[in-house]
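Student: Please take a close look at one part of this model, and then place it in the rest of the chain. A plain description with the cut-offs will do.

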Amino acid sequence: MSGCMLCPRKCGARREENEIGMCHVGADIFISRAAPHHFEEPPISGTRGSGTVFFAGCSLGCIFCQNKEISCDAVGKCVSEEELGEICLSLAATGVHNLNLVTGTHYTDRIARVLQRIKPKLKIPVVWNSSGYERPETLRLLEGLVDIYLPDFKYFSAELAKACSNAQDYKEVAVAALREMYRQVGAVRYDENGMLRRGTVVRHLVLPGQREDTAAVLETLAKTLPVSNILLSLMRQYTPDFAPQTAPKYLQRRVTTFEYEQALLKAQELGFTGFTQGKDAASAAFTPDFHT
Ligand code: SF4
């Protein structure tokens with residue numbers, strides 16, 4: 001890999017020489033946590049949990065990120081591709097419902113190599129849990145290896161995307177990524193126990209003071225993918241605890257019940273089905289402990 005172009009940042013870092021890219025990592029793979037997780041959407045977490053592997057670093061870097069310690073500071077354990085494969089297989093052996101790869105965009109090529117090797121041994125679906133800020137060309141490396149895509153669709157307006165993630169092209173990039181994800185996995189399918197087996201679940205985090213942007217995100221999603229073939233996860237867990245003092249004023253409070261209900265109404269009006277969150281989801285207590 002010379003001059004990394006894996007993600008839409010296309011920053012060209014010479015990662016093989018351990019030059020650190022905009023995603024905060026260089027040559028090595030760092031993981032921050034590998035453990036069953038019980039707070040994903042119900043048909044993903046089920047009763048035995050989702051086998052999450054959190055990758056350190058992030059190519060999007062939202063200013064309100066709950067996981068800054070791993071996304072920006074890239075705190076984690078350095079693992080080889082072989083070790084990553086063993087970790088994934090060990091996690092699968094604990095009885096989790098799926099293998100859930102969280103924020104692996106900046107390692108896509110290496111994760112794809114690992115999956116090619118371990119996929120025949122995995123009896124559970126592979127979930128790709130991402131920011132939605134991904135290149136279709138890079139996502140194609142995962143074709144046939146990922147069963148469930150779990151991307152965010154965060155922003156509609158370029159101004160909001162610039163202010164929160166320094167990514168004014170977010171909407172266009174995410175729309176192209178969503179199309180590629182859906183092309184690969186098709187309509188949502190469940191197994192005989194009601195657990196998700198295949199498909200795309202799109203997450204949208206409702207932000208304070210951004211009702212119009214949320215409505216535009218949902219309308220764009222409805223025009224991009226067949227509403228009845230995907231699931232929408234409308235998230236209410238935004239907490240200002242992680243936004244810096246310098247963040248725009250609208251990010252310095254929680255989402256109101258009115259704002260969340262307006263988002264919900266819009267989703268229903270457009271015909272989406274999926275998942276909602278209760279008011280108590282907006283708590284720092286839901287942030288996993290990355291030291292365990
Ligand atoms: S994955 Fe990282 S190094 Fe590669 S283009 Fe994106 S930000 Fe740059």
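Tutor: Arginine 183 lies in helix H7, residues 170-185. Helices here are DSSP runs of H or I with at least four residues, strands are runs of E with at least two, and both are numbered from the N terminus. With a relative accessible area of 45%, arginine 183 is partly exposed; buried means under 20%, exposed over 50%, and partly exposed in between, with a 1.4 Å probe and protein chains only. The C-alpha atom of arginine 183 is separated by 10.0 Å from that of arginine 140, 43 residues away along the chain.

Two remarks on the basis of these values. This is a predicted model, in which local features need pLDDT of at least 70 and side-chain atom pairs count only at pLDDT 80 or more, while totals for chains, interfaces and linings use all residues. Residues are numbered from 1 along each chain as its sequence is written, and side-chain values use heavy atoms, with hydrogens and water left out.

The chain around H7 contains nine helices and 10 strands. Its C-alpha trace spans about 50 × 45 × 35 Å along the principal axes. The radius of gyration is 18 Å, which agrees with the value near 19 Å for a compact globule of 292 residues; it is taken over C-alpha atoms, and the globule rule is 2.2 Å times the number of residues to the power 0.38. Of the 292 residues, 58% count as buried.

Next, the ligand and the segment that leads up to the strands. A search of the whole structure finds one cavity of 30 Å³ or more. On a 1 Å grid over the protein atoms alone, a cavity is a set of points where a 1.4 Å probe fits but cannot get out, a pocket is an open set with protein on both sides within 12 Å along at least five of seven lines, and lining residues have an atom within 4 Å of a point. The largest cavity holds about 70 Å³ of space, a volume being the space filled by probe spheres set on the points, with grid points joined across faces, edges and corners. Its lining has 13 residues, and those nearest its centre are Cys4, Cys7, Arg9, Cys11 and Cys23. Seven of the lining residues are nonpolar, three polar and three charged. In this scheme Ala, Val, Leu, Ile, Met, Phe, Trp, Tyr, Cys and Pro count as nonpolar, Asp, Glu, Lys and Arg as charged, and the others, Gly among them, as polar.

The ligand sits in the largest cavity, in the sense that more than half of its atoms lie within 2 Å of the grid points. Among the residues around the ligand are Cys4, Cys7, Lys10, Cys11, Cys23 and His106, a residue being near if one of its heavy atoms lies within 4 Å. The shell has seven nonpolar, two polar and three charged residues. Lysine 10 belongs to the segment before strand E1 (29-37). Its phi is positive, about 45 degrees, although lysine 10 is not a glycine, and at 45% relative accessibility it counts as partly exposed. Asparagine 18 is also placed in the segment before E1, has a positive phi near 65 degrees, and at 41% is partly exposed.

In strand E1 itself lies serine 32, which counts as buried at 8% relative accessibility. The C-alpha atoms of serine 32 and valine 53 are separated by 7.6 Å, with their positions 21 residues apart along the chain. Asparagine 100, in strand E4 (residues 99-102), is buried at 0%.

The remaining space to describe is open. The largest pocket has a volume of about 1000 Å³. It is lined by 44 residues, of which Gln66, Asn67, Arg203, Met235 and Gln237 are the closest to its centre. Strands E2 (50-55), E5 (126-130), E8 (196-205) and E9 (231-235) and helix H2 (68-71) each give two or more residues to the lining. E8 supplies the largest share, three residues. The lining divides into 20 nonpolar, 19 polar and five charged residues. In H2 lies lysine 68, which is partly exposed at 28% relative accessibility.
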